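Trainee: Could you take me through one part of this structure closely, explaining each term as it comes up? I would like to see how that part sits among its surroundings.

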Amino acid sequence: MLALTRSTSLASRSRYRWHGFRVSRTTVRFPQFAFIELGTHSFQTTAKQHKTMPSKNKKNSVPNEKHLSLPAHAEATTPIIDTHTHLLTTFSSYKSKYRAGKYDNVWDFVRGLYEGRNVKAIVDVWCDAPVQPAWKELADSALTAEDRTNKWGGVEYWFVMGVHPHEASHYTDAVEQTILEAMAHPRCVGWGEIGLDYHYDNSPRELQQQVFARQLQQAVKLGKPLTIHTREAEEDTERIMKQEVPVDHKIHIHCFTDSPEFAQRLLNHFPNLHIGITGVISYSTNTNTSSIVRKMVATSKPRILLETDAPFMIPSNIYASLSELKGRLPLCHTAMIPWVADFTAGVASEGWDTAKIMQQANENAKLVYGIS
Ligand SMILES: [Zn+2]
Ligand SMILES: [Zn+2]
C-alpha cells in the first residue's frame, strides 16, 4: 500500500482536476507527495457558503480531522453511489491539510470515512495527461471480491479515464495507448472526463475540439459510456457530440452548470444522456443547475446522476449537520452525497424527497455505467 504513495510522489504530480474551477497553482511539499498543486475555485460562494481551501493567512483554520467523519444522515438506509470523484486527488488534498493525519493511504482513507456510511460504489476519474501511473495499482486492488471487502471496506471501486480539456495540448499517441489499455480493465466503466472548457482556455480551443472529437471517436468505437466536462462551450460541445456520438450512447454530462436550455437540447437529442449534480447546486451564484433539475423532475424518470467531483464542491447545506464544527471543511468526499441529494430534493419540491432522489440517481448510475 505504501508503494502507491511513494510511486505517486516520484512518478507524477497529483493535480486538482474538477469542473474547471481551477486553481491558483500554489505548490506545496509534504512527505508523501512530491508536489501537490492547490487552488481555490472561482465559483463565488456567498458569505454563508464556504471557501474550501485555506488561504495563506489562515494557516490554522483547518478543523480537526474528526469532522471529516460525517454524522449519520437521516437517509442512511439508501446506498450512496458517487458517479464522479477524483479519489487520489481527494486523498492528496487530505494529506496536504493533515500531514500527520490518521489515514496513510487511499484505502485507509476510504475505509475510515466511508465505512458505515452506506457507500456502495464510486466512479473514480483519471483525466491527466500523461496518465498518473497509480491508476493501475488502484484498479488492480479492486479486482477481487475479497480485495474489495478487505481493502475497500466493501465499496465497489470503478473508474473512468480520459484527457481533460485543460490538458488537451498534452494528448499524444502514447497517452491514448494508456487509455486504451485502461479501457480493457475490468473495473473501467467509461471514457472521461473529456470535453471543452472555454472558461479557462487552458488549451487552445481548436485543439480542445480536436482532442475531444478524437476521444469521442475512440470511446464510441469501444462502446464505452462517456463522462463529459463542458463549461461555457455550449455550441461547440453540442455540435461535436451530435457529429460524433450515436443518439443512443450512454452519456454523463458531469457537474452541470451551463444553461438549462443547453441541457434540455442534449436531453432531447440523446435519450440515454444524464445530468450530473454536485454540491455546486447549493451555491447561490449558480441557478442553472436548479433550473434543469426542476425541468427534469417534471418527467417520469428524471435523468439525474449524483456526484461529488471531490475534493471540492462541498454542499453548503452540510454545515447545518455539523453543529460542533468551527470553520469550514477543507475537502469534499463521497459520504457527502446525501446532502447533495437533500438539496436537490428541496429544489425538486413536491413528490420528491432525499431517498427518492438517491434511488432514482442510483437507477440511472446502473443504466449509464452498469454499476450498482
Ligand atoms: Zn471531475
Ligand atoms: Zn469536470
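**A strand and its surroundings**

Mentor: Strands β4 and β5 run parallel and are joined by four bridges, where two strands count as paired if DSSP finds at least two bridges between them. The model is predicted, so local features need a pLDDT of at least 70 and side-chain atom pairs count only at pLDDT 80 or more, while totals for chains, interfaces and linings use all residues. Residues are numbered from 1 along each chain as its sequence is written, and chains are lettered from A and ligands numbered from 1 in the order in which they are written.

The names of the elements come from DSSP runs, numbered from the N terminus, with helices (H or I) of at least four residues and strands (E) of at least two; the chain holds 12 helices and 11 strands. Within the pairing of β4 with β5, Ile-80 stands opposite Val-119 of β5. Strand β5 is also joined to β6 (residues 156-161), again in parallel, by six bridges, and there Asp-124 has Phe-159 of β6 as its bridge partner.

Strand β5 (residues 119-126) has seven of its eight residues buried, so the rest of the structure largely encloses it. A residue is called buried if 20 or more other C-beta atoms, placed from the backbone, lie within 10 Å of its own, exposed if 12 or fewer do, and partly exposed in between. For the chain as a whole, 50% of the 372 residues count as buried.

Phe-159 leads us further, for it is among the residues that touch the most other members of the largest nonpolar core, which has 98 residues; Met-161 and Trp-135 are also among them. Helix α11 gives the most to this core, namely seven residues. Such a core is a set of buried Ala, Val, Leu, Ile, Met, Phe, Trp, Tyr and Cys residues joined through C-beta atoms within 7 Å. In soluble globular proteins, nonpolar side chains tend to be buried together.

Met-161, leaving aside neighbours within four places in sequence, is in contact with Trp-126, Val-131, Trp-135, Ile-179, Ala-182, Cys-188 and Trp-191, contact being defined by C-beta atoms, placed from the backbone, that lie within 7 Å.

Helix α11 itself is mostly covered, with 10 of its 12 residues buried, and its buried residues pack against several elements, including β4 (80-85), which brings us back to the strand we began with.

Technical notes
Two residues are in contact if their C-beta atoms, placed from the backbone, lie within 7 Å.
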